[in-house]
Amino acid sequence: MTTTLPEHPAAPALWPNLTEAVRHADDLVAALPRPGDRTLEQRAVAAAAKDAARALRVRYLDAHADAVYDRLTEGRTVPLRLDELVAAAATAFPGLLPSAERLAEERRRTQADKEGHEIDQGIFLRAVLRSPTAGPHLIDTMLRPTPRALRLLPEFTRTGSVQLEAVRIERHDGVARLTMCRDDCLNAEDNQQVDDMETAVDLALLDPAVRVALLRGGVMSHPRHRGRRVFSAGINLKNLSSGDISLVDFLLRRELGYIHKIVRGVRVEDPGRWHSPHIEKPWVAAVDGFAIGGGAQLLLVFDHVIAAADSYLSLPAAKEGIIPGVSNFRLSRFTGPRASRQIILQGRRIRAAEPDARLLVDEVAEPHDMDDAIERALNRLDGEAVVTNRHMLNLAEEPAEAFRAYLAEFALQQALRIYGEDVIHKVGHFGATTP
């Protein structure tokens, strides 16, 4: 059943105006060729119609975001994850967000041929995350363990091992060892890897036999790096070009899901945990080969990072045209503002052997010494006082309200970037030439 909301006193006709603007934009776009085949004039006409509807969406959500969120979550009593939330909003408030059918049709298109309906999801999620009541509730919801992890937890606690498509997790002597195993594509990230990583992080945090966790790249079968370990090549640009990287299931879930869980821990409902609803553990990352883009972003949330002496790190955001996750929020506290601008805006590559690498990693080891260095780091971080102190450090270094404010703006700005003409042109090129 379709529901509507009371109008804001300052804009009594806003909802009817919004639905009419959405209908006009939809009708106009339906009469045009696909985006990749439009003339410059047709593109301008379509953009103007979409912008008119989006301006009204922003105004409406500025006034009603809390009311919409409360309606969808029954007064913040029903936890809805990102994908569930946008689906519920699209059903309850047609026109506010694209329908499931429209998104399904859009997913079948390449990035260059999409209409950009995910931008409307970005508008909605920015408004929700901006809210001091709805925003924290959504962030807490995303810190809960996934249903998939809860299903796999008995198997993991019993056997100490689970093999997922993109990640293998094994427990030995209190250590959860997560190995990224997309050996054919250099651990390039996509929707599947985000799902598998969140599942693996949940299992590591939920298993009471795990005291500390390690993330490392596996041995590659890719021709250029066959037989060698690689940490991560970052976002899979082929998948972005083909339209298979989503705003909600990849770009936002990644940040609010497993990466944030590494920082804050997994949220559980347990009366015995009256002192804290979060289970936190120390994390070590080991970089072999390279940590590019999203791989480098990950390092900023780990408690100890070891890099092989022949490895390198980079955040090629300017080259790709997108925002490097939460790195714009986190990187400066590691490197200072000047170096962070060189790395993000100018694509500066940091080699593990150069002095500035110590701004981003804790130690550099020769490739043949990596295993020993990892074991020493795991032993140092295996302690209850470590858990408490990392909790306090994260509170001081990454305040929850500052993180929420960044993610609110990121939700919209990243949506706009992945549909920018420059990005579509660039990923079309990279998609044809990268793994």
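Author: A residue counts as buried under 20% relative accessible area, as exposed over 50%, and as partly exposed in between (1.4 Å probe, protein chains only). This is a predicted model, in which local features need pLDDT of at least 70 and side-chain atom pairs count only at pLDDT 80 or more, while totals for chains, interfaces and linings use all residues. Residues are numbered from 1 along each chain as its sequence is written, and side-chain values use heavy atoms, with hydrogens and water left out.

Reader: Is W15 buried or exposed?

Author: The relative accessibility of W15 is 10%. Because that value is under the 20% limit, W15 counts as buried.

Reader: What kind of ring pair do W15 and F93 form?

Author: Rings of Phe, Tyr and Trp (its six-membered ring) pair if their centres lie within 6.5 Å, with planes under 30 degrees apart counted as stacked, over 60 as edge-to-face and the rest as tilted. The structure holds six aromatic pairs. In the pair of W15 and F93, the centres are 6.4 Å apart and the planes stand at 80°, so the pair is edge-to-face.

Reader: How many residues apart in sequence are the parts that this pair ties together?

Author: W15 lies in helix α1 (residues 14-30), where helices are DSSP runs (H or I, at least four residues) numbered from the N terminus. F93 lies in the loop between α3 (82-92) and α4 (100-107), so the parts tied together are separated in sequence by 78 residues.

Reader: How do the axes of α13 and α17 cross: parallel, antiparallel, perpendicular or oblique?

Author: Axes are lines fitted to C-alpha atoms, for helices over the stretch in contact, and angles run from 0 to 180 degrees between N-to-C directions. Those of α13 (residues 327-335) and α17 come within 10 Å and cross at roughly 135°. Angles under 35 degrees count as roughly parallel, over 145 as roughly antiparallel, 65 to 115 as roughly perpendicular and the rest as oblique. That makes the placing of α13 relative to α17 oblique.

Reader: Which residues of α17 meet α13?

Author: Contact means heavy atoms within 4.5 Å. From α13, the residues N328, F329 and R330 take part, and they meet, in α17, A402, F403 and Y406.

Reader: What kind of ring pair do F329 and Y406 form?

Author: F329 is partly exposed, with a relative accessible area of 23%, whereas Y406 is buried at 18%. Their ring centres are 5.6 Å apart and their planes lie at 35°, so the pair is tilted.

How values were computed. Helices (H or I, at least four residues) and strands (E, at least two) are DSSP runs, numbered from the N terminus.
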